[in-house]
Amino acid sequence: MTVPAEPNDPVNGDIRKLPMMPIRDMVIFPYMMTPFVVGRESSVRALEEALTGDRKIFLATQHDASIDEPKAADIFTTGTIGNIVQSVKMPDGNIKVLVEGVERARTIHVSDTDGFFVATVRTSRAQLQVTPPVEQLMQRVTSLFEQYVKLQQSLNLETVISSVRLDEPAKLADVIATNLQLSIDDKQQLLDLFDPEVRLERVADVLDIEIEKLNMDRTIQSRVKRQMERAQKEYYLNEKIKAIQKELGRGEKSEFDELKKKIEAAGMPKDVLEKAMQELRKLEAMPPMSAESTVSRNYLDWMLAVPWKKRSKEIRSIDHAEKILNEDHYGLEKIKDRILEFLAVRQLVKNPKGSILCFVGPPGVGKTSLGMSIAKATGRKFVRMSLGGVRDEAEIRGHRRTYIGALPGQILQHMKKAGTRNPVFMLDEIDKMASDFRGDPASAMLEVLDPEQNTAFQDHYLDVEYDLSQVLFVATANVLHTIPSPLQDRMEILRLHGYTELEKVEIAKQYLLKKQRKATGLKESQCVFRDDAITEIIRAYTREAGVRNLEREIGNVFRKVARRVVKSGAKHKEEVTAANLHEFLGVPKYRDSQVQEKSEVGLVTGLAWTEVGGSILQTEVQVLDGKGKLTLTGQLGDVMQESAQAALSYIRSRAHQLGLARDFYRNVDIHVHVPEGAIPKDGPSAGITIATALTSSLAKVPVRRDIAMTGEITLRGKVLAIGGLKEKLLAAHRAGIFEAILPADNRKDMADLPELLKSTMKLHFVEQMDEVLKIALEGPLPELYAESPVALGVIPATLPEPAPDQPVSHQ
Ligand SMILES: Nc1ncnc2c1ncn2[C@@H]1O[C@H](COP(=O)(O)OP(=O)(O)OP(=O)(O)O)[C@@H](O)[C@H]1O
Ligand SMILES: [Mg+2]
């Protein structure tokens with residue numbers, strides 16, 4: 001058979017046909033003298049065949065030593081042609097042979113006809129000249145081998161000496177390969193290299209690695225030895241303690257037995273149970289008190305701490321739920337209805353899509369406390385986890401056990417706290433979750449909240465699947481827009497707005513007073529809280545959308561009263577009224593200032609919406625001599641800057657009607673400032689506020705301070721709709737402003753407004769900036785009212801000449 005060799009293949013030598021013997025557990029290299037015993041029938045035949053001929057036999061290693069009757073495919077294709085130096089038949093029929101490796105060869109074809117293998121093999125002609133680089137390589141290999149032999153004590157020095165003297169590179173590589181303690185696969189890889197230079201290089205690499213390994217082994221060995229000594233000592237002392245305790249009659253009940261009982265009783269699913277048992281077996285085998293046994297014990301403690309089986313008995317009655325929700329919260333009718341519908345649907349459908357509630361609203365409006373009520377109403381436990389500032393996936397899923405001090409993630413830590421599989425699990429501040437290079441917590445949360453995936457939640461620490469599907473998740477947020485939309489999709493959003501003053505009074509009377517009175521242990525007879533005191537707290541000591549500060553201040557009052565009662569005896573009685581409130585709470589923090597202050601030029605009351613509810617924002621404009629610069633200060637965002645530009649453009653287009661010089665803006669610097677710089681502000685809804693302030697200061701006409709306004713402005717002076725109307729009007733109302741200018745397009749939101757706002761506030765709905773000015777400016781602006789030849793807001797082709805008293809600048 002003639003198969004042409006590949007042009008670049010070093011296997012390019014003669015073709016020979018030889019009996020082949022598969023060998024196990026070793027690889028035979030050229031130049032190697034190997035004694036072994038031949039027992040297999042087919043091998044004996046092959047040997048006999050070789051002995052009748054030129055005593056050459058092809059020796060190739062089996063892939064798997066355990067196969068007794070290998071096929072051709074079970075044998076490596078590269079092997080060594082061996083010369084049978086000696087063969088002795090032994091009494092048991094086996095033959096003992098001594099074989100010398102001659103050269104490597106690769107099988108081209110193998111036949112198995114007469115009960116043994118015959119291989120057609122090709123040898124190699126590759127030669128390597130000893131050039132200086134090759135010489136250098138040989139020296140390196142030799143010196144590495146010397147190091148190796150020193151570390152590997154099982155080799156004798158003589159082999160080294162004989163190989164050091166070798167001056168033939170190919171031979172050097174093979175002799176060293178023969179002497180290395182490597183796996184069969186590694187040796188076979190060396191045998192596979194027909195090119196002597198490549199082979200020599202590979203031997204050098206292998207030596208490098210092996211030396212490294214041996215060095216490492218040494219350090220580890222000495223460390224292990226030290227540890228063993230310590231562990232032995234501990235073990236001995238432990239045994240002694242046990243013996244002493246036995247002697248004292250305390251009995252010896254194995255803690256492992258106890259652990260085992262606990263694990264069996266925990267109600268884990270089958271594969272989790274198996275994992276726990278496996279860990280227990282490992283723990284039993286470890287030296288007690290060793291570091292790894294502590295790790296293992298902690299792990300088992302966690303496995304036992306999370307609830308696998310225990311669940312609260314759920315209360316399914318919707319009537320009961322309604323009763324609880326009403327007991328705990330005033331008003332919020334729509335929200336309560338949605339919650340009850342949600343609970344009803346959950347009973348009918350097993351995993352309805354979007355089956356997670358998310359309460360969105362400003363602080364202190366009852367988001368967290370609604371969650372607690374849901375738990376109470378459904379008979380579940382309640383746990384709360386704050387996601388604010390969570391930026392690392394590991395905080396949710398935990399760290400792998402290989403980390404020192406690793407723990408399960410927050411989800412499972414809270415499940416442990418709940419102690420049951422079906423708690424109400426509140427995810428607070430889901431809008432404040434961050435993400436950075438350590439991984440995206442939002443995607444981990446997605447898995448937690450997805451009913452299709454959360455039956456098999458993976459915590460890195462426990463490393464078993466945990467079923468979260470029985471948990472009722474409830475999320476809270478101040479704003480929606482920072483919540484990633486895939487998360488939003490899984491949640492049913494319920495919006496809570498702020499409360500009106502009247503609602504706050506009712507909440508205080510019906511809920512907060514009772515709660516705080518109970519907390520201070522006062523009797524009703526000991527402290528009477530008059531309604532006007534509550535109103536006074538709301539107006540003068542708090543300024544908020546919710547009722548958190550109100551509750552806190554009421555608590556403060558009760559504590560002060562409690563102190564007086566304790567001091568003067570149980571008979572003591574206090575009455576808290578608006579008039580004496582300052583005795584308890586000190587100087588009022590807020591004054592109803594806006595109404596009393598007189599109107600000013602360039603100062604306008606705007607309305608803004610922020611994460612914490614609505615608020616009023618004073619906008620100031622100052623016009624100075626200058627060169628047409630527009631400056632904005634007070635942490636204004638880009639959109640707000642653009643609003644200011646739009647407002648200015650509008651005024652320029654109306655310069656004539658407003659009695660301004662055509663190019664008034666060239667000779668002045670305009671400074672727009674929105675105080676309370678600590679709060680970043682943005683959004684287009686300050687447009688008409690800024691325009692009014694600008695007009696007022698350019699035309700030197702004061703603006704009414706008892707009127708608030710909000711609306712976006714276009715270049716043509718059109719007023720566009722804004723968001724957050726309810727919060728904004730509540731804020732105006734809180735601040736004692738009862739008149740507001742709003743975009744006409746926001747009329748549609750009237751339906752959502754509380755009755756109180758509708759009945760007590762005068763609302764102007766406008767479409768044009770001109771209307772805003774008519775309502776808000778105090779002085780006459782005759783030109784504005786006059787019939788104008790100019791189409792509204794459009795800059796005419798020819799503008800009237802500037803009034804003579806305005807200086808004309810030439811630039
Ligand atoms: N409608 C209400 N009826 C009765 N009490 C209420 C109502 N709204 C809020 N409260 C009470 O106000 C306090 C603050 O509410 P809670 O802690 O639930 O606010 P929150 O919306 O979770 O705020 P945050 O966003 O700051 O977490 C609680 O004591 C709560 O019981
Ligand atoms: Mg809360």
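1. Alanine 578 is a convenient place to start, and it is found in the loop that runs between strand S15 (574-576) and helix H20 (581-585). With a relative accessibility of 25%, alanine 578 counts as partly exposed, because that class covers the values between the 20% limit for buried and the 50% limit for exposed. Alanine 578 and aspartate 532 are 46 residues apart along the chain, yet their C-alpha atoms are separated by 5.3 Å. Please keep in mind, here and in every point below, that this is a predicted model.

2. The next point concerns the ligand and its place in the protein. Ligand 1 sits in the largest pocket, and the elements that give two or more residues to the shell around ligand 1 are helix H12 (367-378), helix H17 (501-520) and helix H19 (548-568). The shell holds 19 residues, of which Lys367, Thr368, Lys515, Arg548 and Glu551 come nearest to ligand 1. Sorted by class, the residues of this shell are 8 nonpolar, 6 polar and 5 charged.

3. Which atoms of ligand 1 lie 2.8 Å and 3.2 Å from polar backbone atoms of the protein? An oxygen atom of ligand 1 is 2.8 Å from a polar backbone atom of glycine 364, while a nitrogen atom of ligand 1 is 3.2 Å from a polar backbone atom of valine 365. A side chain takes part as well, since a polar side-chain atom of threonine 368 lies 2.6 Å from an oxygen atom of ligand 1. The protein covers 87% of the 640 Å² of accessible area that ligand 1 has on its own.

4. Helix H19, already mentioned for its part in the shell around ligand 1, is also the place of valine 561. Valine 561 counts as buried because its relative accessibility is 0%, and the limit for that class is under 20%. Between valine 561 and lysine 573 there are 8.7 Å in space, taken from C-alpha to C-alpha, and the two residues are 12 apart in sequence.

5. Helix H24 (residues 725-734) deserves a paragraph to itself, as 10 of its 10 residues are buried, so this helix is largely enclosed by the rest of the structure. The buried residues of H24 include charged ones by the classification used here, since lysine, glutamate and arginine belong to the charged class, and Lys726, Glu727, Lys728 and Arg734 are among the buried residues. Leu725, Leu729, Leu730, Ala731, Ala732 and His733 are buried in H24 too. After H24 comes glycine 736, whose phi is positive, near 80 degrees.

6. Is threonine 78 buried or exposed? Threonine 78 lies in strand S4 (residues 78-89), and it counts as buried because its relative accessibility is 1%. Its side chain makes a polar contact with the side chain of aspartate 192, at a distance of 2.5 Å.

7. Valine 674 belongs to the loop between strand S20 (668-673) and helix H23 (687-699). A position in a loop might lead a reader to expect exposure, but valine 674 counts as buried, because its relative accessibility is 0%. Valine 674 and glycine 606 are 68 residues apart in sequence, while the distance between them in space is 9.6 Å from C-alpha to C-alpha.

8. Lysine 310 is another loop residue, found between helix H9 (291-305) and helix H10 (318-328). Lysine 310 is exposed, because its relative accessible area is 54% and the class begins over 50%. The C-alpha atoms of lysine 310 and alanine 266 are separated by 8.7 Å, although their positions lie 44 residues apart along the chain when counted as a separation in sequence.

9. Two residues should be checked for their backbone angles. Glutamate 429 has a phi near 55 degrees, which is a positive value in a residue other than glycine, and aspartate 463 likewise has a positive phi, of about 60 degrees, although it is not a glycine. Glutamate 429 lies in the loop between strand S9 (424-428) and helix H15 (441-449), and aspartate 463 lies in the loop between strand S10 (457-458) and strand S11 (465-466). Glutamate 429 is partly exposed, with a relative accessible area of 33%, and aspartate 463 is partly exposed, with a relative accessible area of 38%.

Terms used:
Residues numbered from 1 in each chain as written. Chains lettered and ligands numbered in written order. Predicted model: local features only at pLDDT ≥ 70, side-chain atom pairs only at ≥ 80, totals over all residues. Heavy atoms only, no water. Helix = DSSP H or I, 4+ residues; strand = E, 2+ residues; numbered from the N terminus. Buried < 20%, exposed > 50% of the residue type's maximum accessible area, 1.4 Å probe, protein only. Near = heavy atom within 4 Å. Polar contact = N/O pair within 3.5 Å; in protein donor to acceptor, adjacent residues only side chain to side chain. Areas by Shrake-Rupley, 256 points an atom, 1.4 Å probe, with all protein chains shown as cover. 1 Å grid on protein atoms, 1.4 Å probe; cavity = no way out; pocket = protein on both sides within 12 Å on 5 of 7 lines; lining within 4 Å. Sits in = over half its atoms within 2 Å of the grid points.
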